[in-house]
Amino acid sequence: MAAPKEDNLKKIIGHSKEYGFVFQSSEIYDGLSAVYDYGQMGAELKRNIKDYWWTAMVQMNENIVGLDSSIFMHPTTWKASGHVDAFNDPLIDNKDSKKRYRADVLIEDHVEKYRLKIKKEVAKGFKRFGDDFNEEEFLKTNPNVKRNQDKIDDINGRFKTAMDADDLAGIKTLIEDLGIVCPISGSKNWTDVKQFNLMFATEIGSVADSANTIYLRPETAQGIFVNFLNVQKTGRMKIPFGIAQIGKAFRNEIVARQFIFRMREFEQMEMQFFVRPGEEMKWYEHWKEQRINWHKSLGIPQEKYRYHDHIKLAHYANAASDIEFDFPMGFKELEGIHSRTDFDLKQHEEFSGKKLQYFDPEVNKNYVPYVVETSVGLDRTFLAILSSAYTEEKLENGTERTVLKLPAMLAPYKAAVMPLTRKDGLPEKAREILNELKFDFNCQYDEKDSPGKRYRRQDAIGTPFSIMVDHQTLEDNTCLLYTSPSPRDS
Ligand code: ATP
């Protein structure tokens, strides 16, 4: 029987620590909540994911260029973007467990239960009708599916109405009406819902004064918007074009207990695509498709991904969809694709008093471009890749091994070079090979323990190739090349 999903997350956390992928931050001081450090393997994997994204977005698209803007920005940036007034999450506390939750997440999780019921009905249908099963028709006509779908629509409708009206009491009533209980205490003893701003504030300069308050950026996007004209003019960019950036973002998350899925300091890989007003929906659809294809190119099974179109749109968007991934804790957001209209650029024009417009020679007009954003969490991509790569295998001889089935282009080490023994000149020969390879590939030299143990170690960190140097190598310059997972079991 397959292990429960939560156990899988625990195993992945354990494996990450044991092999140097991810450590709790400041562990010797008992850690800092929702902050993590990437170890020697994690830093490599993360760097490879960044490169893979950068190549796909910047190198492969001649109309997309990169940017590396600062974490600190003028404080008016965040007034203009709406983050000071509206970057809030609705929080609710359970009075018995004293645990804090995001009210919207409690409702989302409740809705997910009805989605699962629909999924089960569909599975039953498949079983009963086999090849004749028409899923589309079934979803429209089956009474059990319809009943559950009506419930989902009703809850989503009530939630959207309450959020749009900033009706926090209405959200609490919805939680009560749905009978949602605290997963820890099991009680319905809830506080009122409050809004909580997620930005971290600090002071710039040596005088502590409210005029010196600045924020750690909660998204990298604003650095792109305020540089829009700098890049467009100096790069002679023509619309449509994109600006891509990878960088840290900071959010004082209310609920932060899902490993690197939700952190207070994390990294985003974002691209803002500037388009002619009125053409944003075409590009929104384009980028939705391009981005899911990028994820699928990582070799992870298709059914691990799904779209989730937003019902409550952020203050800046006229369409938004998430690419969700089937993480060990269920389907959750991995990437957001947002049609951000001209909201940000217009706001920055208004607050800065500077024009942020583009002259379009094709239509002979000045305008503020519309923007389609793709925003993916680097750490969530890391977790998605790690969790689908993690495999426990039972071998025919009864032993077990753990294999990280990483795509080779993302593997921390591309090859391990191993001398069969530590004598007879084999280490020297192995180092010779390593020294040739290391100009092109990140490789590891490994001579400790038996070959079997060494193969296992490489399997566990996802190294696709192992090169074994033996006495034959000294004679004719040939060596044994193993691909992971290694079939050898010595
Ligand atoms: P969520 O609803 O899960 O809080 P969000 O909708 O606020 O996410 P966005 O503002 O769209 O997220 O940010 C874009 C991407 O940045 C997300 O899809 C996610 O991959 C990543 N991200 C956002 N918040 C975090 C976080 N606290 N830790 C790690 N990654 C994050």
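Two helices, α5 (103-129) and α7 (143-164), each put at least two residues into a positive patch on the surface of this predicted model. That patch is a good place to start, and the salt bridges come after it. Across the structure there are 37 of those bridges.

**The positive patch**
- The patch is made up of Lys113, Lys117, Lys120, Arg147 and Lys151.
- Helix α5 gives the largest share, with three residues.
- Lys120 sits in helix α5, and its relative accessible area of 63% makes Lys120 exposed.

**The chain as a whole**
- You're looking at 16 helices and 22 strands, with a C-alpha trace that spans about 75 × 60 × 55 Å along its principal axes.
- The chain has 490 residues, and 49% of them count as buried.
- Take the contacts with a separation of 6 or more: 66% of them are between residues 24 or more positions apart.
- About 24,800 Å² of surface is accessible, and carbon and sulfur atoms account for 50% of that.
- On the charge side, there are 69 positive and 76 negative side chains, and the centres of the two sets are 3 Å apart.

**A salt bridge within one helix**
- Arg47 and Glu44 pair up through their side chains, at 3.3 Å from N to O.
- Both belong to helix α2 (residues 40-59), and because they are three residues apart there, about one helical turn separates them.
- Arg47 is partly exposed, at 44% relative accessible area.

**A salt bridge across the chain, and its network**
- Asp360 bridges to Arg276, with 2.8 Å between the closest N and O atoms.
- This pair ties together distant parts of the chain, 84 residues apart: Asp360 lies in strand β14 (residues 358-360), while Arg276 is in the loop between β10 (265-275) and α11 (280-296).
- Asp360 has a relative accessible area of just 2%, so it counts as buried.
- The pair also belongs to something wider: Arg276, Glu279, Lys282, Asp360 and Glu362 form one network through salt bridges that share partners.

**A buried pair**
- Asp344 and Arg340 make a salt bridge through their side chains, at 3.1 Å from N to O.
- Both Asp344 and Arg340 are buried.

**Why such pairs form**
- Oppositely charged side chains can pair when their charged atoms come close.

Key. Residues numbered from 1 in each chain as written. Predicted model: local features only at pLDDT ≥ 70, side-chain atom pairs only at ≥ 80, totals over all residues. Heavy atoms only, no water. Patch = residues over 30% accessible without salt bridge, like charges linked within 9 Å, V, L, I, M, F, W, Y side chains within 5 Å. Areas by Shrake-Rupley, 256 points an atom, 1.4 Å probe, with all protein chains shown as cover. Salt bridge = Lys/Arg side-chain N within 4 Å of Asp/Glu carboxyl O. Lys, Arg positive; Asp, Glu negative; His and termini not counted. Charge placed at Lys NZ, Arg CZ, Asp CG, Glu CD. Helix = DSSP H or I, 4+ residues; strand = E, 2+ residues; numbered from the N terminus. Buried < 20%, exposed > 50% of the residue type's maximum accessible area, 1.4 Å probe, protein only. Contact = heavy atoms within 4.5 Å.
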